[in-house]
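Biologist: I am new to this structure and would like to learn how to read it. Could you take me through it feature by feature?

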Amino acid sequence: MDKSPDKRGGSRPLGRYATVESVARIKRKDKTARTIFTVAGVISGLMIVLIFVFVFSRGVGVFLPSRGADQQNLWAFLTGTRWRADQGIYGVGFIIINTLLSAFFASLISFPLAVLTALMITRMAPKRMQTVLTTAVEVLAAIPSVVYGVFASGVITQMVVKLAGVFNYHTAGGNSFLTVVILLAIMIFPTMTDLAISAIHAVPDSLIQGSLALGATETQTNFKMVLRAARSGIFSGLVMGVGRAFGEATAVSMVAGNAFIGPSINPFDSTRTLTSTMLSGFHETSGLDYDIRFSVGIVLIILILITNAGIYFLKRQFAGGMKDE
């Protein structure tokens with residue numbers, strides 16, 4: 001291979017060929033970067049483990065005999081239909097159901113709208129409008145939760161009060177299950193949309209042009225090829241959205257009403273979620289009423305893990321069904 005001298009008296013590659021020294025330098029940089037990312041990943045994983053260990057150690061203690069008179073029955077805790085901290089009654093059975101239902105209905109409303117919005121922004125809107133709409137979505141995703149809560153307590157609750165009046169129902173000032181669902185749907189919408197936009201942008205143009213060349217219309221290409229090719233990122237957005245719906249505490253606590261019993265099938269009744277339950281009791285710093293919140297945290301972590309596993313299972317089933325086609 002021809003080489004020419006450089007200013008340091010050594011040799012430099014000509015054209016696209018590299019010297020042995022430059023290849024070794026590239027490998028060292030690659031190894032260093034890989035080490036840094038590996039260390040960062042290990043630290044992140046350890047933080048998650050430490051948080052879980054701390055929550056688990058505090059939450060399990062209330063069910064052990066060493067707790068004495070404050071010991072709680074695990075089965076009664078998991079299946080209970082009443083939560084009365086003032087009476088020492090802690091049952092999260094109905095709270096688990098309320099949390100699942102609120103996240104499910106919020107996702108049912110928000111997920112299709114998010115996917116269609118992302119498809120419109122990336123495939124149908126003019127270039128300038130794409131920039132404006134993408135920026136708007138990112139701004140919505142960055143709004144603090146408490147701002148959404150204030151909006152919900154001042155606007156959504158009044159809408160729910162008027163809607164309840166149409167059906168001759170009364171609500172606790174609009175604080176209800178329906179308000180929580182609408183609030184969560186609004187909050188998780190930008191997260192799902194943002195990830196769906198990124199996933200659709202990642203679809204190769206060659207696939208789109210190939211579909212059009214085979215005679216498919218723009219609509220057929222968008223729905224039958226683009227969305228299918230971007231399904232991995234779209235489902236990731238669903239996971240992130242559901243995770244936020246499960247984990248939202250401040251905003252939900254402002255409009256849930258924190259019911260003492262349940263579950264209720266009336267959407268205008270007040271409700272209670274796992275996160276709002278945890279938040280409502282942290283004014284204390286010790287005692288059973290404080291430690292039981294960590295038990296609720298364990299239930300929430302397990303619930304999120306099971307839900308995410310179910311979403312990924314549906315994702316694999318969906319991908320398998322498309323391969324069969």
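Modeller: Let's begin with one residue: Glu-218 has a relative accessible area of 43%, so this residue is partly exposed, lying between the limits of 20% for buried and 50% for exposed. Please keep in mind that this is a predicted model.

Biologist: Which residue forms a salt bridge with Glu-218?

Modeller: Glu-218 pairs with Arg-123, and their closest N and O atoms are 3.2 Å apart. This pair ties together distant parts of the chain: Arg-123 belongs to helix H3 and Glu-218 to helix H8 (residues 218–229), with their positions 95 residues apart. Arg-123 counts as partly exposed because its relative accessibility is 24%.

Biologist: How many salt bridges are there in the whole structure?

Modeller: A search finds 6. One of them joins Arg-84 to Asp-86, with the closest N and O atoms at 2.7 Å. Here the partners sit on opposite sides of the cut-offs: Arg-84 is buried at 19% relative accessibility, whereas Asp-86 is exposed at 58%. There is also a network of salt bridges that links Arg-58, Arg-67 and Asp-291.

Biologist: What about Arg-293 and Asp-289: are they buried or exposed?

Modeller: Both are buried. Their side chains meet in a salt bridge, with 2.4 Å from N to O. The two residues lie in helix H12, 4 residues apart, which is about one turn of the helix. Asp-289 has a relative accessible area of 18%, so it falls under the 20% limit for buried. The side chain of Asp-289 also makes a polar contact of 3.4 Å with the side chain of Tyr-90.

Biologist: Let's turn to helices. How many helices and strands does the chain have?

Modeller: The chain has 12 helices and 4 strands. One check on a helix is to compare its expected span with the distance between its ends. H3 covers residues 93–123, and at 1.5 Å a residue its 31 residues should span 45 Å; the end C-alpha atoms are 45 Å apart, so the two agree. Even so, H3 has a bend of about 30° at Ser-107.

Biologist: How far apart are the end C-alpha atoms of H5?

Modeller: They are 30 Å apart, which agrees with the 32 Å that its 22 residues should span at 1.5 Å a residue. H5 has a kink of about 40°, centred on Ala-152. Ala-152 is also among the buried residues of H5, which include Tyr-148, Gly-149 and Ile-156. These buried residues pack against helix H4 (127–142), H6, H9 and H10. After H5 comes Asn-168, which has a positive phi, near 60°.

Biologist: Now the interior. How many residues are in the largest nonpolar core?

Modeller: There are 44, and those with the most contacts inside this core are Phe-77, Trp-83, Val-92, Leu-183, Leu-274 and Val-296. Several elements give two or more residues to it, including H3, helix H5 (145–166), helix H6 (177–201) and helix H12 (288–324). Another core, of 16 residues, lies apart from it, and Ile-208, Val-226, Ala-230 and Ile-234 are among its members. Over the whole chain of 325 residues, 38% count as buried.

Biologist: Which residues is Phe-77 in contact with?

Modeller: Setting aside neighbours within four places in sequence, its partners include Phe-63, Trp-83, Tyr-90, Val-92, Ile-292 and Val-296. For the chain as a whole, take the contacts between residues at least 6 apart in sequence: 68% of them join residues at least 24 apart.

Biologist: One last residue: where is Gln-72?

Modeller: Gln-72 is in the loop between helix H1 (20–60) and helix H2 (74–79). A loop residue can still be checked for burial, and Gln-72 is buried because its relative accessible area, 16%, is under 20%. Beyond its neighbours within four places in sequence, Gln-72 is in contact with Val-62, Phe-63, Gly-88, Tyr-90, Leu-288 and Ile-292. Gln-72 and Gly-88 are 16 residues apart in sequence, and their C-alpha atoms are 9.6 Å apart in space. The side chain of Gln-72 also reaches the backbone oxygen of Asp-70, at 3.2 Å.

Notes: Residues are numbered from 1 along each chain as its sequence is written. This is a predicted model: local features need pLDDT of at least 70, side-chain atom pairs count only at pLDDT 80 or more; totals for chains, interfaces and linings use all residues. Side-chain values use heavy atoms; hydrogens and water are left out. The expected span of a helix is 1.5 Å times one less than its number of residues. The bend at a residue is the angle between axes fitted to the seven residues ending there and the seven starting there. A nonpolar core is a set of buried Ala, Val, Leu, Ile, Met, Phe, Trp, Tyr and Cys residues joined through side-chain atoms within 4.5 Å. Buried means under 20% relative accessible area, exposed over 50%, partly exposed in between (1.4 Å probe, protein chains only). Contact means heavy atoms within 4.5 Å. A polar contact is a pair of N or O atoms within 3.5 Å; within protein, one must be able to donate a hydrogen and the other to accept it, and residues adjacent in sequence count only if both atoms are side-chain atoms. A salt bridge is a side-chain nitrogen of Lys or Arg within 4 Å of a carboxyl oxygen of Asp or Glu.
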